[in-house]
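Visitor: Please take a close look at how side chains pair up with one another here, and set out the cut-offs behind each term as you go.

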Amino acid sequence: TKAIEFNDKKWNYLVGGEVEKTIFFAHGMGGSYYMWWQQFYALEKDFKIITFELPKGVSTLEEASQGILAILDKEKIDKFSIVGSSMGGFIAQYVVNKTPERIEKAVFSNTFSPGNDIKKRNSWRSFLVPYLPEVVIYYLRNHNFKKGMAATSSTPKLIEAYLCSVPFNKKR
């Protein structure tokens with residue numbers, strides 16, 4: 001492992017492979033660079049692999065992007081491919097948008113778009129939620145999970161059971 005100090009935070013990361021072409025892997029929320037161990041070992045013969053651990057206290061896409069670019073700059077990487085899963089995919093989209101000239105390829109897995117579309121579609125819901133009883137929100141959430149996510153899954157009963165068991169609280 002290596003580390004750099006950037007914006008008063010310690011950014012830990014792993015580097016492997018001696019090849020010029022670089023792939024940067026960004027983990028999801030609650031993850032770390034360890035989640036990429038299979039890809040790391042499978043690809044390090046053909047690529048330079050870099051993966052990091054998002055430091056605690058990083059709360060914006062801009063800050064995450066700057067930290068990733070600081071790691072890449074320290075490693076003297078100009079062009080790179082980026083792979084992000086879940087929240088890491090969200091961060092990766094931001095990096096691609098901010099520095100398209102540095103990106104060779106990008107993969108976003110199990111993630112969502114950082115655009116304003118979701119915000120626009122849900123603006124009325126955001127306004128309404130504080131005024132609804134939690135039991136109503138819980139019912140609507142479960143109904144939508146069953147109708148949408150569980151219905152499209154190859155194991156709908158398992159997905160339905162999991163999603164409906166996830167706690168909900170308006171205070172979050």
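Guide: Helices (H or I, at least four residues) and strands (E, at least two) are DSSP runs, numbered from the N terminus. This is a predicted model, in which local features need pLDDT of at least 70 and side-chain atom pairs count only at pLDDT 80 or more, while totals for chains, interfaces and linings use all residues. Residues are numbered from 1 along each chain as its sequence is written, and side-chain values use heavy atoms, with hydrogens and water left out.

Let us begin with the charged side chains. The structure holds 5 salt bridges (a side-chain nitrogen of Lys or Arg within 4 Å of a carboxyl oxygen of Asp or Glu). One of these joins the side chains of Lys2 and Glu75, with 3.2 Å from N to O. Since Lys2 belongs to strand S1 (residues 2–6) and Glu75 to the loop that runs between helix H2 (61–74) and strand S5 (80–85), this salt bridge ties together parts that are 73 residues apart in sequence. Its two partners can be described by their accessibility (buried is under 20% relative accessible area, exposed over 50%, partly exposed in between, with a 1.4 Å probe and protein chains only): Lys2 is partly exposed at 38%, whereas Glu75, at 13%, is buried.

Helix H2 itself takes part in another of the salt bridges, where Glu63 pairs with Lys9 and the closest N and O atoms are 3.1 Å apart. Here too distant parts of the chain are linked, for Glu63 sits in helix H2 and Lys9 in strand S2 (residues 9–16), 54 residues apart. Glu63 is buried, with a relative accessible area of 15%, and Lys9 also counts as buried, at 18%.

A further salt bridge brings the side chains of Glu104 and Lys21 to 3.4 Å, N to O. With Glu104 in strand S6 (residues 103–109) and Lys21 in the loop between S2 and strand S3 (22–26), the pair ties together parts of the chain that are 83 residues apart in sequence. Glu104 is partly exposed, with a relative accessible area of 36%, and Lys21 is likewise partly exposed, at 45%.

Glu104 leads on to Ser81, a residue of strand S5 that is buried at 13% relative accessibility. Leaving aside residues up to four places away in sequence, Ser81 touches Thr22, Ile23, Phe24, Glu104 and Lys105 (contact means heavy atoms within 4.5 Å).

Phe24 in turn brings us to the rings, since Phe6, Trp11, Phe24 and Phe52 form one aromatic cluster. In total the structure holds 6 aromatic pairs (rings of Phe, Tyr and Trp, the last by its six-membered ring, with centres within 6.5 Å; planes under 30 degrees apart are stacked, over 60 edge-to-face, the rest tilted). Among them, Trp11 and Phe52 are stacked, 6.3 Å centre to centre and with 10° between the planes. Trp11 lies in strand S2 and Phe52 in strand S4 (residues 48–53), so that this pair links distant parts of the chain, 41 residues apart. Both Trp11 and Phe52 are buried. The rings of Phe40 and Tyr41, by contrast, are edge-to-face, because their planes stand at 75° with the centres 5.6 Å apart; Phe40 counts as buried at 9% relative accessibility.

One last aromatic residue is Phe127, which lies in helix H4 (residues 117–128) and is exposed, with a relative accessible area of 57%.
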